[in-house]
Amino acid sequence: MGEHGTGLDWEVRLDEMLDSLGTAQRTRPLLYALPAALFGCDPREAGNLSARAATAAFLGGQHSDHAPVTENVRGGLESLAWSLATDLHLARIRPDTGVVRVRENGSDYELVDTTGEVTRVEAVVFAVPPPVTAEIAGSLDGLRELGTTLTAFPYRQVDYALHRDPVGMPDRREHWSTNNLTLGEGYSETTVWYGPVHGVDVFRSQVSRRARQPTKVLARESFRQLLPTTEVVRAQRRLGGCAADEEGHGGPERRSAGLFQ
Ligand SMILES: Cc1cc2nc3c(=O)[nH]c(=O)nc-3n(C[C@H](O)[C@H](O)[C@H](O)COP(=O)(O)OP(=O)(O)OC[C@H]3O[C@@H](n4cnc5c(N)ncnc54)[C@H](O)[C@@H]3O)c2cc1C
């Protein structure tokens, strides 16, 4: 049991959990396939994932016998960000503008952005991926010593395509499911069939590594996906620890580091 008795500790690796269950090595490639697809890694790397992070999305949680409930926000998740933004009356929102540098100026901070504008602020909250924080603010006093921790988060590029040809679907239509997995040498990729839900044979596939690629492509998108390894869990805990240590007497950059959890 992990902390607070709520389940497996996040630092237990997936291969360690399977060892403790006596799971045969020959069945592991199959068990690694889903988590590997979810995080876009090679199935041979999946044993290093945090067992709890790797399985949480597929389980109903501690108090449920059911599969997890999922919600699809109408208009996509971005619509949630915009509806929250409409309630921000004092905030100035600058979409499509990145911060390239955060530097100290006396007791304040200066944000240099991609347009070259410099904005002076009293406090900074970092809600960007940890390596980005290291890049844009690594020279701040409070962050310099966190450099190794901030760069301990491995990412994999995952490419997706929305397509009309049934690449990634079983050859026989009676075997089609809404969620399908293609396993190949060093990869495991999903294909989602929207037919049963939307009534059209449109598919969304991971296309980073699969041998057979779709040709009738409607859209493509790429993401950087964090691999939740046990090292990541430890790094998150170190950041959280820094945030707790600094609560009340540290710089704002230190406190905000805990937001990555
Ligand atoms: C394909 C895919 C599907 C997913 N599906 C689900 C799902 O169904 N359910 C779920 O719970 N999670 C899902 N996730 C995971 C979820 O998207 C992440 O856990 C979540 O977005 C992390 O939120 P965040 O605020 O920490 O980071 P992000 O959402 O990455 O937000 C960071 C923001 O910082 C901005 N930024 C970066 N650099 C700068 C800079 N220099 N200056 C200013 N801004 C900057 C970025 O543009 C971005 O908007 C999915 C992830 C992927 C890749």
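**Hairpin S5/S6**

I started at the hairpin of S5 and S6, where two residues sit between the strands and Gly 186 takes a positive phi near 80°. Strands here are DSSP E runs of at least two residues and helices are H or I runs of at least four, numbered from the N terminus. This is a predicted model: local features need pLDDT of at least 70, side-chain atom pairs count only at pLDDT 80 or more, and totals for chains, interfaces and linings use all residues. Residues are numbered from 1 along each chain as its sequence is written.

I then looked up the pairing: S5 (residues 179–184) and S6 (residues 187–193) run antiparallel and are joined by six bridges. Two strands count as paired if DSSP finds at least two bridges between them. Asn 179 has Val 192 in S6 as its bridge partner, and Thr 182 has Glu 189.

**The sheet**

Next I followed the strands outward. They belong to an open sheet of five, in the order S5-S6-S7-S4-S8, with antiparallel pairing. S5 and S8 are the edge strands, each pairing on one side only. On average, neighbouring strands of this sheet are turned by 20° against each other, direction ignored. For angles, axes are lines fitted to C-alpha atoms (for helices over the stretch in contact), and values run from 0 to 180 degrees between N-to-C directions.

**Helix H2**

What packs on the sheet? Helix H2 (residues 28–39) does, touching S4 (155–163), S5, S6, S7 (203–206) and S8. I counted a contact when C-beta atoms, placed from the backbone, lie within 7 Å. The direction of H2 makes about 75° with that of S6.

I checked the helix length too: at 1.5 Å a residue, the twelve residues of H2 should span 16 Å, and the end C-alpha atoms are 17 Å apart, which agrees. The expected span is 1.5 Å times one less than the number of residues.

The buried residues of H2 are Tyr 32, Pro 35, Ala 36, Ala 37, Leu 38 and Phe 39. Buried means 20 or more other C-beta atoms within 10 Å of the residue's own, exposed 12 or fewer, partly exposed in between, with C-beta atoms placed from the backbone. Just after H2, Gly 40 has a positive phi of about 70°.

**Thr 55**

I found Thr 55 in helix H3 (residues 51–56). Thr 55 is partly exposed because 17 other C-beta atoms lie within 10 Å. Its C-alpha atom is separated by 8.7 Å from that of Leu 14, 41 residues apart along the chain.

Technical notes:
Contact = placed C-beta atoms within 7 Å.
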